[in-house]
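Me: I am a first-year student, and I would like to learn how the words used for a protein structure follow from its values. Could we go through some of them together, one question at a time?

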Amino acid sequence: MTPALHRILFVEDDLDIQSIAKLALVAVGKFSIEICSSGSAALEAVASYEPDLILLDVMMPGMDGPTTLKALRLLPNLAQIPVIFMTAKVQTHEVAHYKELGAVDVIAKPFDPMTLAITIRTIWQQVYG
Amino acid sequence: MVVHSSEPVSIGHLLQREQMLAAISQRIRRSLDLDEVLNTSVKEVRQLLQTDRVLLYQFTPDNWSGTIAVESVSNETLTILGRNIQDECFQTDHAHLYQSGRIRSIDDIQAANIAPCHRDLLASLQVQANLVVPVLHHDTLWGLLIAHHCQAPRVWQSQEIELLSQISTVIAIAIQQASLYDRLQTELAERTAISTALQISRERLQALVSNAPIALIATNAEGIITLASGTILQRLGHRSEDRSRHDLGHDSEQFSADWVGCSAFDAYAHIPDFVEDLRRVLAGSLLDSLPDSLPDSLPDSSPDSSLMSVVEYEGYIFEVRYSPQINGAGAAEGVICVATDVTEQRRAEEALRQSEILRQSEVKNRVLLKAIPDAIFRIHRDGTCLDFKPSKAEASETPIIRLNQPISEVLPPPIAEQLMMHLNQSLATSQPQVFDYQLQQGKAIDYEARVVMNGPDEVLVIVRDISERKKVERLKNEFVSTVSHELRTPLTSIRGSLGLIRGGVAGDLSSEAQELIEIAYKNSERLIVLINDILDIEKIESGKMSFVLKPVELMPLVEQAIAANRSYAEQFNVSFTLVNTLPKVKVNVDSQRFIQVLTNLLSNAAKFSPPNETVTIGVTQHDRLIRISVHDRGAGIPEEFRDRIFQKFAQADSSDARQKGGTGLGLSIAKAITERLEGQLGFETEINRGTTFYCDLPEWVSVGDREIISSSEAQSPARTTLQTAQILVCEDEPDIALLLKRMLQQAGFRVDVAHTAEAAKQLLAHQTYQVMTLDLALPGQDGISLLRELRLQEQTRLLPVVIVSAKAQQGRTEFGEAGFAIVDWLDKPIDQDRLIDVCRRAVLSSRNSKLKVLHIEDNTDVVRVVKLVLKQDAEIHQAVNLQEARQKLKAHNFDLIILDMGLPDGSGLDLLPLFNHETGSLLPVVIFSARDVNAETAQRVTTALLKSRTSNQELLDTIRSLVSYVD
């Protein structure tokens with residue numbers, strides 16, 4: 001049976017995108033989200049927030065998405081948490097690289113805020129289906 | 001005192017005189033010997049006159065001295081024959097008198113009235129009386145006929161005087177006759193000499209004409225051939241019907257008869273240039289100056305080049321010289337043509353010129369070659385360097401490789417291996433092979449190697465430093481990636497905000513606001529598409545767009561594309577209708593890219609359709625070609641735009657882009673993608689009626705159990721596999737021979753043994769071997785001498801030879817550089833692994849083709865992947881079940897088996913006993929299965945790989961290591 005998807009940790013440095021994604025996920029998608037502006041903030045928040053899924057930007061100042069993912073995997077109990085990259089860097093080799101790192105899927109930017117929630121639920125279904 | 005002849009002239013005497021005269025006359029007429037006639041005459045006259053001396057005095061021309069030419073004397077009288085008389089007294093007036101016929105008779109010298117000097121002269125000759133008669137020859141005073149009486153004075157009788165006069169006349173006749181005869185003789189001799197000289201000259205000419213490479217053709221004024229002779233007439237087209245009866249090289253006269261009397265214009269019609277020149281010469285014209293192609297030296301060698309021309313016939317080149325025979329009136333009575341075959345000379349000159357051109361081009365090439373910055377290597381099939389040119393940068397450094405050095409000694413093993421693989425590929429396909437590699441030379445340097453076949457056994461390898469290019473490529477990729485990221489980030493916010501507002505998340509909008517938001521949203525979409533298209537174009541143009549081809553059912557993809565574009569079409573009030581379908585038909589495509597193509601066609605059709613129209617989509621089949629057509633009822637494509645519709649940024653009207661919201665890149669991308677899918681994109685259009693775009697793709701046919709995956713299979717020639725490779729062991733020591741045989745048999749080779757060089761040669765003559773092992777120390781002919789001999793023979797020139805000898809090390813040092821193309825040198829005791837490895841490599845390189853692999857697998861997709869992974873190394877045959885596998889194993893020899901365990905008609909493991917080849921060797925078997933194998937099974941096969949855990953590289957490495965591509 002597919003576990004329920006409620007809590008999403010959204011890691012994104014661009015404030016405008018933070019606002020739009022928040023509307024798309026909360027207002028449209030009815031998820032509960034926690035937003036972090038950097039990789040290191042995400043690593044700090046993840047233990048207390050206990051998300052079901054992490055939506056991770058790739059290009060961030062300081063610790064980038066892939067580095068954050070590798071660090072996450074080293075934390076206790078977080079090795080299996082599904083991570084979706086949401087990025088504008090979606091050339092074929094880049095996508096392949098994210099999947100090698102263990103991302104369950106990749107959502108390309110610019111994304112459609114009206115269908116973002118549906119896209120995430122579909123991926124969730126595939127992961128646990 | 002004068003003595004008178006006492007007796008009167010008797011009748012008898014007269015008669016006697018008449019008889020003598022007649023006899024002398026007759027003798028003169030009969031004999032041509034003047035001396036004899038004269039001697040006899042003077043003798044007989046003396047007898048008849050009964051006097052002491054009768055002589056003929058001959059004058060020296062132009063001088064009145066003379067010689068006693070003929071004489072008859074009595075016994076008591078002094079002979080004066082031959083004496084030269086310088087008679088000072090004999091004056092010119094005397095000569096005149098004699099010339100006019102005077103006869104002078106002196107009865108008594110002492111009493112006569114004569115000059116004292118004359119008297120003294122006569123006295124010195126004992127003369128007492130004399131009678132002198134001139135001998136006139138052609139009215140010239142030739143000489144004098146003189147009778148001397150010495151004993152006493154004598155009175156000369158008139159009859160006697162008469163007689164002497166008559167005799168002188170007869171003598172004159174004799175002299176004239178003799179002189180005539182002499183002249184005749186001289187003339188005759190001259191004529192003979194001339195005639196002989198003429199004959200010699202004729203013979204010489206004939207010999208010249210017969211032996212020199214010339215032909216002599218003479219014609220009269222009308223061009224009728226009067227003479228045709230020479231050894232090269234044949235080359236001018238003369239044919240003799242009875243030629244077979246003559247020996248080759250025989251005199252050429254046989255040809256001449258044939259055409260004499262014919263018109264040269266007809267006879268030589270096959271050489272139009274010659275006929276033309278002949279006409280001109282006969283008409284008295286000069287010939288054109290020589291053609292440009294003639295070497296400069298030729299005109300000089302001809303005295304009059306205006307009467308010389310060059311004609312060609314059947315590959316022969318002739319120089320023809322014309323000598324017109326001009327008559328007194330200045331008209332040509334005929335012409336003699338001398339044709340010289342200058343073919344050889346011309347060829348030699350041409351060859352010289354060519355070699356000069358070649359030399360110059362060689363010099364140029366050298367310069368060019370030096371100017372090329374790349375390093376260039378000539379590499380033999382066996383991997384040794386035959387020649388090289390360092391790159392410009394390395395030119396001053398120490399050479400990177402020596403001649404005859406194997407490349408494996410200077411390149412890291414994986415790169416050397418890669419190079420050998422491309423070398424073999426290039427030799428097998430004669431197609432250039434290109435690959436990139438990186439070497440660590442202090443820093444990492446990227447190289448591109450281009451392997452080009454250069455003869456049956458060698459390649460040219462052109463190596464270029466592409467570090468700079470690689471760096472630029474990396475920078476460009478990073479730039480493109482960064483730019484697209486930087487553009488997309490703000491777009492994400494814009495499009496996101498607009499999307500949310502448009503979706504009503506921010507509350508309801510006025511209709512004006514709604515309309516403005518739509519415009520902004522639509523343009524943000526367009527910008528996104530543009531960025532994506534630009535990235536696609538960049539990838540297509542740099543060849544970096546990757547495709548994952550898979551056989552998939554076509555209809556679901558078409559339906560998916562229609563569904564995805566339906567809402568887009570609705571903006572234009574356009575609907576999609578699918579009219580023909582082909583369920584179950586499969587195509588081999590990258591689904592995502594294929595949908596991209598369909599999306600482009602569908603969105604274009606929607607955009608260019610009038611509102612409330614329908615776009616019709618159809619899928620049809622023509623033979624093996626599947627056509628997906630998208631038909632709109634739009635305005636059609638203007639004539640002038642049709643040619644460039646697939647070009648980048650092409651739109652019929654530049655305002656279209658803005659109106660219709662396109663980028664102008666879509667069709668260009670769609671066409672490029674379709675071509676990569678081995679398909680074709682095209683269209684049919686009619687103004688005001690609409691346009692149909694279609695995409696044709698080859699149907700993917702599931703070939704099931706008959707499938708031959710490798711498309712090159714059909715053309716691949718018969719080959720030797722490892723299993724059928726024959727090895728000749730040449731070794732005199734029976735124990736070692738047996739050991740070698742066992743070792744090689746165990747590895748799956750068929751082995752013959754020769755104990756002597758002689759036996760080896762016999763076996764090699766009757767059987768083809770892929771490899772020979774050779775002992776250096778053989779009885780009789782030793783190994784090196786045998787090798788030397790084998791290398792000289794065509795059949796064994798390239799036979800891979802492995803030296804197995806206790807003296808291998810020594811041999812290597814001694815003969816290693818001798819260029820015998822020895823594969824390897826193995827010392828005794830023999831290292832079995834190395835022996836087998838070397839032999840395998842030699843077999844592989846000698847047959848120079850791919851491995852033959854049987855892949856027993858029911859899932860065709862897996863076979864396709866394996867085929868892709870191994871495409872450089874192996875030719876893959878598929879068997880989908882046990883039954884087919886058994887059949888194929890019987891019918892073919894394979895080098896390796898890839899085995900799936902779960903097959904429709906049983907477990908693949910059931911086949912394991914079959915792989916025991918009759919020679920006792922084990923075929924390498926790789927289990928490639930979704931299920932893990934247990935320990936027992938693992939022992940029975942060479943390697944087991946788990947499908948889900950094996951990367952492509954691992955599979956490739958495993959296969960390669962099993963067949964000893966690698967040391």
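**Pairs of opposite charge**

Reply: Let us begin with a pair in chain B: Arg378(B) and Asp387(B) are joined by a salt bridge, and their closest N and O atoms are 4.0 Å apart. Please keep in mind throughout that this is a predicted model.

Me: Why is the pair Arg378(B) and Asp387(B) called a salt bridge?

Reply: The term asks for a side-chain nitrogen of Lys or Arg within 4 Å of a carboxyl oxygen of Asp or Glu. The closest N and O atoms of Arg378(B) and Asp387(B) are 4.0 Å apart, and the pair is therefore counted as a salt bridge.

Me: What makes Arg378(B) and Asp387(B) partly exposed?

Reply: Partly exposed covers what lies between buried, under 20% relative accessible area, and exposed, over 50%. Arg378(B) has a relative accessible area of 29%, and Asp387(B) has a relative accessibility of 35%, so both count as partly exposed.

Me: How do you know that Glu675(B) and Lys671(B) are about one turn of the helix apart?

Reply: Both residues lie in helix α17 (residues 666–676) of chain B, and they are four residues apart, which is about one turn. They also form a salt bridge, with the closest N and O atoms 3.2 Å apart, and that value is within 4 Å. Glu675(B), with a relative accessible area of 41%, is partly exposed, and Lys671(B), with 21%, is partly exposed as well.

Me: What separates Lys761(B) and Glu758(B) in helix α19?

Reply: They are three residues apart in helix α19 (residues 757–766) of chain B, so about one helical turn separates them. Their side chains meet in a salt bridge at 3.5 Å, N to O, and Glu758(B) is partly exposed, with a relative accessible area of 47%. Elsewhere in chain B, salt bridges that share partners join Glu319(B), Arg321(B), Arg346(B) and Glu349(B) into one network. Over all chains, the count comes to 31 salt bridges.

**A charge without a bridge**

Me: Why is Asp105(A) said to have no salt bridge?

Reply: The nearest side chain of opposite charge, that of Lys99(A), is 4.1 Å away from Asp105(A). A salt bridge requires the nitrogen and the oxygen to be within 4 Å, and therefore this pair does not qualify. Asp105(A) is nevertheless buried, and it lies in strand β5 (residues 105–108) of chain A. Among the residues that Asp105(A) touches are Val83(A), Ile84(A), Phe85(A) and Lys99(A), where residues up to four places away in sequence are not counted.

**Two helices from two chains**

Me: What describes the packing of helix α1 of chain A and helix α12 of chain B?

Reply: Two packed helices are described by the angle between their axes and the distance between those axes. Here, helix α1 (residues 15–28) of chain A and helix α12 (residues 467–502) of chain B pack at an angle of about 35 degrees, with their axes 9 Å apart. The crossing of α1(A) and α12(B) is left-handed. Residues of α1(A) in this contact include Ile17(A), Ile20(A) and Leu23(A), while those of α12(B) include Thr489(B), Gly496(B) and Leu500(B). The contact residues divide into six nonpolar, five polar and one charged.

**The chains as wholes**

Me: How many helices and strands do chain A and chain B have?

Reply: Chain A has five helices and five strands, and along the sequence they follow the pattern β-α-β-α-β-α-β-α-β-α. Chain B has 26 helices and 37 strands. Buried residues make up 47% of the 129 residues in chain A and 45% of the 967 residues of chain B.

Conventions. Residues are numbered from 1 along each chain as its sequence is written. Chains are lettered from A and ligands numbered from 1 in the order in which they are written. This is a predicted model: local features need pLDDT of at least 70, side-chain atom pairs count only at pLDDT 80 or more; totals for chains, interfaces and linings use all residues. Side-chain values use heavy atoms; hydrogens and water are left out. Buried means under 20% relative accessible area, exposed over 50%, partly exposed in between (1.4 Å probe, protein chains only). Lys and Arg count as positive and Asp and Glu as negative; His and the chain ends are not counted. Contact means heavy atoms within 4.5 Å. Axes are lines fitted to C-alpha atoms, for helices over the stretch in contact, and angles run from 0 to 180 degrees between N-to-C directions. A crossing is left-handed if the near helix is turned anticlockwise from the far one by less than a right angle, and right-handed if clockwise. Ala, Val, Leu, Ile, Met, Phe, Trp, Tyr, Cys and Pro count as nonpolar, Asp, Glu, Lys and Arg as charged, and the others, Gly among them, as polar.
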